[in-house]
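Trainee: I'm new to this one. Can we go through it together, with you telling me how each label is earned?

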Amino acid sequence: GRSSINSIDFNECLNDNGGCDVNANCTNTVGSYECHCNPGYFGNGIVCSPCQANSYSFNETTCQICPENSTSSLASTSIIDCKCIAFNHYLDVPTISCLPCPLGFKVDEISNVCRGSFF
């Protein structure tokens with residue numbers, strides 16, 4: 001008959017997040033593990049630093065500066081977190097620029113769109 005050897009995988013992530021940074025996600029793999037920085041942070045997973053104010057995490061390893069005339073808070077996770085400085089302006093992501101809301105519309109800071117006053 002055939003015999004198979006079952007190898008038991010040790011989940012390194014169960015102990016101290018696998019040695020990953022406190023702002024990283026530890027993923028168990030067969031015989032090993034991987035560290036990936038959380039959104040808003042960048043680094044190699046062992047060390048993760050927050051993206052500075054006025055920037056956002058572009059991928060796990062880098063931060064991008066917010067578009068001109070916009071700002072963000074520390075550890076921002078997306079370009080949507082960049083808010084326009086000018087009153088009642090929203091960030092138009094396709095053109096990467098701050099545009100004014102039309103008359104009678106107000107910027108919705110959370111979803112980054114202009115909404116009519118009837119909302």
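Mentor: Sure, we'll take some labels in turn and set the values against the cut-offs. Keep in mind that this is a predicted model.

Trainee: Why is S72 called buried?

Mentor: Buried means under 20% relative accessible area. S72 has 8% relative accessibility, so S72 counts as buried. You'll find S72 in the loop between β7 (70-71) and β8, where S72 touches Q52, A53, N54, S55, C66, D81 and C82, leaving out residues up to four places away in sequence.

Trainee: What makes the approach of the S72 side chain to the backbone oxygen of S55 a polar contact?

Mentor: The cut-off for a pair of N or O atoms is within 3.5 Å. The S72 side chain reaches that S55 oxygen at 2.7 Å, so the distance passes.

Trainee: And K83, why is K83 called partly exposed?

Mentor: Partly exposed sits between the buried limit, under 20%, and the exposed limit, over 50%. K83 comes out at 21%, so K83 counts as partly exposed. K83 is in strand β8 (residues 83-84), and the K83 side chain reaches the backbone oxygen of I80 at 3.2 Å.

Trainee: How do you know that C66 and C82 form a disulfide?

Mentor: Two cysteine sulfur atoms within 2.5 Å are what it takes. Those of C66 and C82 are 2.0 Å apart, so the pair qualifies. C66 lies in the loop between β6 (62-65) and β7, and C82 in the loop between β7 and β8, so the disulfide ties together parts 16 residues apart in sequence. At 7% relative accessibility, C66 counts as buried, and C82, at 0%, counts as buried too.

Trainee: How many disulfides does the structure hold?

Mentor: Seven. Another one joins C13 to C26, with S to S at 2.0 Å.

Trainee: Why is the disulfide of C13 and C26 called left-handed?

Mentor: The torsion about its S-S bond is about -75°, so the disulfide is left-handed. C13 is in the segment before β1 and C26 in strand β1.

Trainee: What makes up the largest nonpolar core?

Mentor: Eight residues: C13, C20, A24, C26, C35, C37, Y41 and C48. Strands β1 (24-29) and β2 (32-37) each supply at least two of them. Apart from this core lies another, of seven residues, including Y56 and C82.

Trainee: How do you know that C37 and C48 are a disulfide pair?

Mentor: Their sulfur atoms are 2.1 Å apart, and the limit is within 2.5 Å, so they count. Both C37 and C48 are buried.

Key. Residues numbered from 1 in each chain as written. Predicted model: local features only at pLDDT ≥ 70, side-chain atom pairs only at ≥ 80, totals over all residues. Heavy atoms only, no water. Core = buried A, V, L, I, M, F, W, Y, C linked by side-chain atoms within 4.5 Å. Buried < 20%, exposed > 50% of the residue type's maximum accessible area, 1.4 Å probe, protein only. Helix = DSSP H or I, 4+ residues; strand = E, 2+ residues; numbered from the N terminus. Polar contact = N/O pair within 3.5 Å; in protein donor to acceptor, adjacent residues only side chain to side chain. Contact = heavy atoms within 4.5 Å.
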